Amino acid sequence: MFAEVVFALPFRKAFTYEIPSELKKFVKEGVRVVAPFGKRTLTGFVIKVTKTTQIKDEIKQIREVLDDEPIFNKTLLKFYEWIAEYYLCSLGEALKLLVPHGTEVESKRKISIDKNFVQQLFQKETKKTTLRYKILLELSSREQITFSALQKAVGKKNIYSHIRNLVEEGAVTVIDEIEGAKVKPKKVKYVRLAKDIKELYSSLPELDRKSPKQVKLLLVLIEAKGKSIPVAELLHKTETSKATLDSLEKKGFVEIFEKEVDRRYKEHYEEVHQEFVLTYQQRKVLEEISPKIKESVFQSYLLHGVTGSGKTQVYIELAKIALEQNKSVLILVPEISLTPQITSRFYNNFGDLVTVLHSRMSAGERFDSWRRIHKGKSKIVVGARSALFAPIFNPGLIVVDEEHDASYKQQDMIPKYNARDSAVVLGSIHNCPVVLGSATPSVESRYNAEVGKYKLMTMPLRIDDAKLPTITLVNVNVERKKGRMDNIFSRTLLDKIEDRLKKKEGVIILQNRRGFSTQIYCEDCGEIEMCENCSVPMVFHINKNTVQCHYCGLEKPVPNACTHCGSINIKYFGIGTERVEDELQFYFPTARISRIDSDSITKKAYLSNLLLSFGRGEIDILVGTQMVSKGLDFSRVTLVGVVSAETTLWLPDFRADERTFQLLTQVAGRAGRSKITGEVIIQTQNEKHFALQKVLQNDYDGFYKREIVDRERMGYPPFTRLALIETKDKSDQKAKGAAIDFRKALKKFEKHLKISEPTTALIYKLKGFYRYHILIKSSRKTDPSGKLLRRAVIEAFTEFNRVSRFKDVKLFYDIDPQSIM
Ligand code: ADP
Ligand code: ZN
Ligand code: ZN
């Protein structure tokens, strides 16, 4: 028997292995195996098992099987094949999305050192500057080291020839050591009584004389009526030592055994459960979609419901129907740790059937969630982007909430998939409906509804006939001339805040920038303090009294003088959330103010506790970045203020207007979710801008109609499909050279595609790497499926690798990029 195995490496082909007879029973399609690959040992995925093979060369054997049950089947495999094909990665790289981090088994090549011998060699070295000297120095104090650790220690990559020489001299050997999975099921020691209680009682008196401590332990176990107790808990409770328990075990009184425990992520945010009579518009959506769930029919829906129209309840009702059909449900939300409210509502309705999956969980918690889903115990999965790859075999419903959210796009790792678009494909493969919900649908999704790819459902009314908030644009330039600006706040906004504070109503203030000041500027030489690794300004953080780069994380003390000319005339510009918080506290010294941004919510339960306090009215004002615009549903919020609409409007990106419209409409939607009408004050320098005007008029359709015309005229999605090619290198010349060569390799596709010349990326230097971009546009008219676009990228890549001098430069491609910065 033979198995075809793919690895999470950039090779597009599968490799054939022989299945040794003792593993025959266990190697199936869909399991992970450990197998030798080149000089290494790696975890791979079995995509096919065959009786014969055409291969004539020597065939290696599979070493080990990792899964008892397949983690994917033929249907799911189709989905991963689509991911690989569409986002241009290998099947193995796509399948890697399916497994929880830290469960792969891998071999690491290590250098095993003969210390004495190495020390002798080291003493013989006369030249103290050579690489060999440095290597010997590092080796002489150790028993073992990995290649990468040694490379790091000596600060050079090219250590291989030196190591080879040392192997020949007999000073070191290279070994291939398997590193097991980092995450494993958690086992805890438990103890229970091993004897009948009556029998125990008769031995107690004697035991009491000799070792009263043992009796103490037994009594607790007797009290537990035969139930087992975790050993640690028992010892802690009785203040006894493990030795006492061990002697009880020796005497046969108790039995100690291991039990697997489930690590569950605990959400601190809790709401009281509420039952609702559905509104007319909620019922209508339900009537449309439930038959699709029952009959296993694929259909994608765009659910356009204004903020506060009760979309979450629709998801819950649909999930109930899927459960009745004994099917599972997948609910995707933008980074879930930011939306405790929706999670809590699912827990309230479905209890332990719900599991969450997101980046704030520990690796162990995620692994256990994953296994519960795989075993079919958790039928409702609520998770962020990557939950799309949870091992669900029979979904009856897939929901993508806030489908417009940019966080559905994977930006950092390969493959750079979009979870929203992939969810639609997953639904079509599983034959289940897919619901994309939003109050501000993305232009692409709204267009898909227009051309009939998605079915549009609308919920234009708020629950309980609550009115949408009244919105006012405040022109800060005009106000400043009138003397009605106090630093960053207009009098208008300050007066409104004061009024709400008096009435004990909730206030949310948005400023979509972290930190205190976002730029440090020298008045003498005109330079801005930039990050040394990235071409972006350093941001001043007053709480830590440092300057930070928000792209690479570099943190430094605040400079006393300009780092360019030494002048001490430095000024701080740009407003971040810390500054907003600070100034608010100045104007309203007794107000209770809290801040929500990625600096403040680093601790696990912080956000949940903060929202609980806000809901109870213990916090008056929430200040935050776009995090305060997402999903929050508090009826006591009656005022939303936006310090500056410009934070997103001025981004050099074709989606800047769309992002601005969405952010402002969403944050506005946090206000007025009760009888009292809400109010929104947006401070801006661009009050005439159409995106802001459409926010003001609460006119999504108007926004869409105008935006879609611009997109067509400019040749942007949804009328074209984009691919962004990025080269990056520590050397500017090499990054540029690679981009030029790649552009040459694309030349033969120029007739059918619109291909930009290589340009420096908007963020030209990032984390120490220089970056160049090529943007490729393919018209939907001539290339509806995007096949041509993808072929061009792949072929150019092959050609580039064949001819370019710069093929060691890092090269990335991004299909349907979210941002082109
Ligand atoms: P959306 O997600 O559309 O912004 P939510 O789902 O947060 O809106 O709903 C707004 C509020 O209305 C929530 O507090 C929710 O509990 C409540 N709600 C939902 N459906 C109903 C209903 N049928 N009757 C009364 N209240 C409802
Ligand atoms: Zn200067
Ligand atoms: Zn940086």
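Here are some questions and answers about two sheets, a helix and a ligand site in this predicted model.

User: Happy to start with the six-stranded open sheet: which strands are its edge strands?

Analyst: Good place to begin! The strand order is E19-E31-E30-E22-E29-E28, and the pairing is parallel. An edge strand pairs on one side only. That description fits E19 (470-475) and E28 (593-596).

User: By how many degrees are neighbouring strands of that sheet turned against each other on average?

Analyst: The sheet in question is the open one with the order E19-E31-E30-E22-E29-E28. Ignoring direction, the average turn between its neighbouring strands is 20 degrees.

User: Let's look at one pair in there: which residue of E29 is the bridge partner of isoleucine 596?

Analyst: E28 pairs with E29 (residues 621-624) in the parallel sense, over four bridges. Within E29, isoleucine 596 has as its bridge partner glycine 624.

User: And helix H18, at about what angle does it run to E31?

Analyst: H18 covers residues 491-503 and lies across several strands, among them E19, E22 (506-510) and E29. It also lies across E30 (637-642) and E31 (679-684). Relative to E31, the helix runs at about 155 degrees.

User: On to the ligand: what distance separates a polar side-chain atom of glutamine 282 from a nitrogen atom of ligand 1?

Analyst: Ligand 1 is surrounded by 17 residues, and Gln282 is listed with Val277, Gly308, Lys311 and Asp633 as the closest. From the polar side-chain atom of glutamine 282 to the ligand nitrogen, the distance is 2.8 Å.

User: Which residue has a side-chain N or O atom 3.4 Å from an oxygen atom of ligand 1?

Analyst: Two residues are worth looking at here. Serine 309 offers a polar backbone atom, 3.2 Å from an oxygen atom of ligand 1. The side-chain atom at 3.4 Å from a ligand oxygen belongs to arginine 345.

User: What percentage of the accessible area of ligand 1 does the protein cover?

Analyst: On its own, ligand 1 has 560 Å² of accessible area. The share of this that the protein covers is 83%.

User: Finally, the three-stranded sheet: which residue of E25 stands opposite phenylalanine 540?

Analyst: This open sheet has the order E24-E25-E26 with antiparallel pairing, and its edge strands are E24 (539-541) and E26 (555-557). The twist from one strand to the next averages 35 degrees. E24 is joined to E25 (residues 546-548) by three bridges. Opposite phenylalanine 540, in E25, stands valine 547.

Terms used
Residues numbered from 1 in each chain as written. Chains lettered and ligands numbered in written order. Predicted model: local features only at pLDDT ≥ 70, side-chain atom pairs only at ≥ 80, totals over all residues. Heavy atoms only, no water. Pairing = 2+ DSSP bridges. Helix = DSSP H or I, 4+ residues; strand = E, 2+ residues; numbered from the N terminus. Axes fitted to C-alpha atoms, helices over the stretch in contact; angles between N-to-C directions. Contact = heavy atoms within 4.5 Å. Near = heavy atom within 4 Å. Polar contact = N/O pair within 3.5 Å; in protein donor to acceptor, adjacent residues only side chain to side chain. Areas by Shrake-Rupley, 256 points an atom, 1.4 Å probe, with all protein chains shown as cover.
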